[in-house]
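Got the model open in your viewer? Grab the mouse, and let's walk through it one selection at a time.

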Amino acid sequence: MHRPGTLPRPRSPLHDGTLFQPRRPAFWAFVAIVVAATFVMFDEQSVLRGISPIGWTLSWGLLVLYATPVLLLVYTLDLYEREPLSLVFGALLWGAVAATTLAGFANDGWGLVVARVGGPEFAARWTAALTAPFVEEILKGCGVVLIYLIAPDEIDDMMDGFVYGAVCGLGFTVVEDVFYFMGVFGGHPAGVLQGFFVRVIASGLYSHVLYTGLVGMGIGYFVSRRDHRPLGRRILVVGGLAAAAVIGHFLWNSPFLDLFPGRPWTGADWLMIPVATGVKGLPLLGCVGLAVVLARRRERAWLRGELASEIGAAGISVSELAILERPPRRREAVRTMRRRAGPRAGALLRRLQREQVNLAMIRSKVAAADDPALVEQRAYCGSLRDALRAMPGAAPADAGDPAADVSPGGG
């Protein structure tokens, strides 16, 4: 059922929208690897739980408290189009289960190679730097590639790739931290709290979320620019971003710039730990921040470009586009509408804004202005606008003044 005066939401054939794609081989590859890795992970977690059930439970509880807001933050970084939750969960699952399990085997194998070539003393200092950055970023990146192969229409810009990569990295971080809390920090509650301070409070900004976010951005650029950029340039971009992630990971694991105080830590040592992590991690954090800002600008330019030809049609007006392309204006328009006409009107305006972004997505994927999917989406946006204007108090005070047109209208 749909509200009177609105069209039922059209189901676009241009988006996959879900992880469950049984007709695609990549889906079954994803399932097979995750299921096999799950059995290994359960065995490993059972061993860790045996060290200290209380410490193991505390570890997972603290990491869930850390991961939840980070997941929400990453999910909302894509300002215009939220990714399907099933695919986001798939990326999280790959990082937490498949990538960690496969990386454990691969890191152990390559660690033996480093020890044989360089000797025990060299291996103790350099194994983590020479193995983990390459092994782990490749395996986590494979998760983003599988997400693309399962639902290729859902990674259509660099920010989409960043979201899936960062979520995959977050899953990896959580499981890896449990290993550290239980193995390196002893597993007892006091040791878990120490590990949480070092690995999350002091180091959480510089974790796998950043590394794989960069890798995901590169993959997002590569797959979304096939029609606009030559292959050589796309390879250069994905290679450069992946290299930046590996280098950042390498520097973090290496003895370079190591200002960490020796254990046991007492007094001022605890104040030195955040300084040490900042020295190693802040350059990469700045690099990722700049990349995200540039990617957002590209998104805004893309939205404006795709909807420019739609101005004056049923889907969007000039004043609506001016609001839509600036997320703070979108939120303010919804708040104003809610105050003026009530929560239902505010929700309907938010829905219209979301469907106008979908209009841009469809416009970017069809060749003709009279494509049935595009025509249907225009009509749907128009029906939402008509339903909104019919609500008491929702119509703008001055339809001729775009500045006053905080509700959709004017067109």
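Here is a tour that starts with the whole chain and then goes from helix to helix.

**Before you click**

You're looking at a predicted model, where local features need pLDDT of at least 70, side-chain atom pairs count only at pLDDT 80 or more, and totals for chains, interfaces and linings use all residues. Residues are numbered from 1 along each chain as its sequence is written, and side-chain values use heavy atoms, with hydrogens and water left out.

**Whole chain**

Show everything as a cartoon. You'll find 13 helices and 0 strands; both are DSSP runs numbered from the N terminus, helices being H or I with at least four residues and strands E with at least two. Along the principal axes, the C-alpha atoms fill a box of roughly 75 × 45 × 40 Å. Colour by accessibility next: 50% of the 411 residues count as buried (buried is under 20% relative accessible area, exposed over 50%, partly exposed in between, with a 1.4 Å probe and protein chains only). Now think about contacts, meaning heavy atoms within 4.5 Å. Of those between residues at least 6 apart in sequence, 75% join residues at least 24 apart.

**Stop 1: H1 against H4**

Select 25-51 for H1 and 120-150 for H4. Their axes are 8 Å apart and the helices pack at an angle of about 140 degrees. Axes here are lines fitted to C-alpha atoms, for helices over the stretch in contact, and angles run from 0 to 180 degrees between N-to-C directions. That makes H1 and H4 oblique to each other; angles under 35 degrees count as roughly parallel, over 145 as roughly antiparallel, 65 to 115 as roughly perpendicular and the rest as oblique. The H1–H4 crossing is left-handed (the near helix is turned anticlockwise from the far one by less than a right angle; clockwise would be right-handed).

Put side chains on Ala26, Phe27 and Phe30 of H1, and on Leu146, Leu149 and Ile150 of H4, to see who makes the contact. By class, this contact of H1 with H4 has 6 nonpolar, no polar and no charged residues. Nonpolar covers Ala, Val, Leu, Ile, Met, Phe, Trp, Tyr, Cys and Pro; charged covers Asp, Glu, Lys and Arg; the others, Gly among them, are polar.

**Stop 2: H2**

Select 53-77, which is H2. The end C-alpha atoms of H2 are 36 Å apart, which agrees with the 36 Å its 25 residues should span at 1.5 Å a residue (the expected span is 1.5 Å times one less than the number of residues). Buried residues in H2 include Trp56, Tyr66 and Tyr75. What do the buried residues of H2 pack against? The partners are H1, H3 (85-118), H5, H6, H7 (208-224) and H9 (269-308).

**Stop 3: H5 and H6**

Now pick 158-184 for H5 and 189-201 for H6. H5 has 27 residues and reaches 36 Å from its first C-alpha to its last, close to the 39 Å expected. With 23 of those 27 residues buried, H5 is largely enclosed by the rest of the structure. Just past H5, click Gly186, whose phi is positive, near 95 degrees.

The axes of H5 and H6 come within 9 Å and cross at roughly 135 degrees, so the two are oblique to each other. How is the crossing of H5 and H6 handed, left or right? The crossing is right-handed. Show Glu176, Asp177, Tyr180, Phe181 and Met182 in H5, which meet Val192, Gly195, Phe196, Arg199 and Val200 in H6. The residues of this contact of H5 with H6 divide into 6 nonpolar, 1 polar and 3 charged.

Stay on H6 for a moment. Its buried residues, among them Gly191 and Val198, pack against H2, H5 and H9. Leu193 also lies in H6, but Leu193 is partly exposed, at 47% relative accessible area. Setting aside neighbours within four places in sequence, Leu193 is in contact with Leu58 and Leu62. Try a distance to Gly55: C-alpha to C-alpha, Leu193 and Gly55 are 9.2 Å apart, with their places 138 residues apart in sequence.

**Stop 4: the H8–H9 loop**

Last, head for the loop between H8 (231-253) and H9, where Pro264 is found. The peptide bond from Arg263 to Pro264 is cis, with omega near 5 degrees. Leu257 is in the loop between H8 and H9 too. Leu257 has a positive phi of about 50 degrees although it is not a glycine, and at 56% relative accessibility Leu257 counts as exposed.
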